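Here are a few short exercises to work through with the structure open. Try each one before you read its solution.

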Amino acid sequence: MGDLLLGIDIGTYSSKGVLCRPDGTILADAQTQHKISIPRIGYVEQDAESIWWTEFCQIARQLTEDVPQGERIIGVGVSTIGACLLPVDSRGNPLRPGILYGIDTRSGDQIESLEDRYGRCNLIDFCGSRLTSQSIGAKILWLKENEPDNYQDAAKFLAASSYIIYRLTGEFVIDAHTASEFHPLFNIKTCCWDGRYAEHITSLDKLPAIGWGDEIAGYITKWASEATGIPEGTPVNYGTIDALSEAVSVGVVDVGDLMIMYGSTTCLVFHVHHPVPTEELWLETGFSKGQYEYTAGMSTSGSATTWFRDCFGQDLLEDEKRTGMKAYAALAEEAGDSPSGSNGLLVLPYLSGERTPIFDQKARGVLAGFSLNHTRGDIYRAVLEGISFATRMNLEAMQNTGARMTHGIAVGGGTSNRLWLQIVSNVTGIPQELPEETIGACYGDAFLAGLGVGIIKDKHAIKEQWVKIKGVVEPIDKTKPTYDKLYGLFRELYLGSQSVVHQLSEMQR
């Protein structure tokens, strides 16, 4: 009988699953789309039942129908969007829609009050990172202060992955990586819940039990089997956050490995051995005991290129309908005709504020050096270069901790833009490996499930069997003087324009 692994990821805008063999061979995949809810500015939510669970069931049913006769699923891996807050009652029923990760910024007042009470430096030393809009402990405090009935009725405070695993197994659990975003309730040194700063937030018994992403949390119940099609008794791992599973899916599993994910935002995952607390990044645990990583997340990258295309490339979109020539490809061609430095243009790509390393919600985009001689291609190239300078800021923050990196692995939809990849390597000096296929977080989920059930014996199997590298984008040395100078100006431009930009942000609705 053939053994199969099932991985399903619930992302911000889509969910995807994959059915594969223990050697990484893919038998089937499935995908579905969904939306986020923005009930007011700064609030970003999703419904746990109608989106997270319903789409998990849809994908699971579709993939279980593709199991060949005589074969069986022996392990299920789960990942979901970055740490969310979902209060549930004692039966696991959601009390409200899930409050999403760092793109939901409602807890600013609570972060300020916690830092005033305990001191930012003390919290950074305890959590490994400063409190930000990613911090779920601060969002629990928001719930306590703004929705007291939901707070009082909550038996558990779950993440999105915790909710899926509860529905599958009946167990209230969370993986350590996701738990490490529940600042300030998780001790980064002991990798356990810790009540040192919890008094004004919640009692620790309302938090799920901690395990690791490569361990088994429970088994498919009869009820869950009927809902999903997954056989009763099948092991389910502890799950994790999609960015970590995405990193695993392309072989980022060892100290020094770096993932650069090109999506609507840029996400960086860098594995380290000796964690050093920092206020510029998120320090988190990895998928197995003893692992740590620095994670960085920008607010706009691919979404900035989409904005540019939609606002200034309507003619190219019309050409795309008529000829099939992609508007993005046409913009990249125009930008390729512009030299390094975009003929003296510089862009701050902070169209939605910025997360790491500046954590500035009031940051906004700036176009500097603009003249009558500049073309659309110059401006688009400057956007790509601005995103690349912001990426360099994050990589430097990682290296400032004493960690060293030699190369990155590029993933995500933006990797189809070879010019963007080349500019990032030129600006950062980092070579980037390109996998033949980037299936996504669900592929990493399947691999972690294989580790959990023991059919995969070693994490290096992901590099040796599952992932094939098709090429490397090397930095072009002759661009270094230009980009080094512009990078210095980029940092100066942010600081010099900060006061004006913050005032402008107050005028925006």
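The accessible surface of the protein chain in this predicted model comes to about 20000 Å², and carbon and sulfur atoms hold 49% of it.

**Exercise 1.** Work out how the radius of gyration of the protein chain compares with the globule rule.

*Solution.* Start with the parts list: 17 helices and 25 strands. The globule rule gives 23 Å for 509 residues and the chain comes out at 22 Å, close to that, so it is as compact as a globular protein of that length. For the outline, the C-alpha atoms fill a box of roughly 70 × 55 × 45 Å along the principal axes. Finally, check the inside: 60% of the 509 residues count as buried.

**Exercise 2.** Decide how Phe389 and Tyr487 are arranged as an aromatic pair.

*Solution.* Step one: ring centres have to lie within 6.5 Å to pair, and here they are 6.3 Å apart. Step two: the planes sit at 40°; stacked needs under 30 degrees and edge-to-face over 60, so this pair is tilted. Step three: place the partners. Phe389 belongs to helix H13 (residues 376-399) and Tyr487 to helix H17 (residues 480-506), so the pair links parts of the chain 98 residues apart. Both residues are buried.

**Exercise 3.** Find the aromatic cluster that includes this pair.

*Solution.* Phe389 and Tyr487 join Tyr350, Tyr483, Phe490 and Tyr494 in one cluster. Across the model, the count comes to 22 aromatic pairs.

Technical notes:
Residues are numbered from 1 along each chain as its sequence is written. This is a predicted model: local features need pLDDT of at least 70, side-chain atom pairs count only at pLDDT 80 or more; totals for chains, interfaces and linings use all residues. Side-chain values use heavy atoms; hydrogens and water are left out. Helices (H or I, at least four residues) and strands (E, at least two) are DSSP runs, numbered from the N terminus. The radius of gyration is taken over C-alpha atoms; the globule rule is 2.2 Å times the number of residues to the power 0.38. Buried means under 20% relative accessible area, exposed over 50%, partly exposed in between (1.4 Å probe, protein chains only). Accessible areas come from the Shrake-Rupley method with a 1.4 Å probe; for residues, only the protein chains shown count as cover. Rings of Phe, Tyr and Trp (its six-membered ring) pair if their centres lie within 6.5 Å; planes under 30 degrees apart count as stacked, over 60 as edge-to-face and the rest as tilted.
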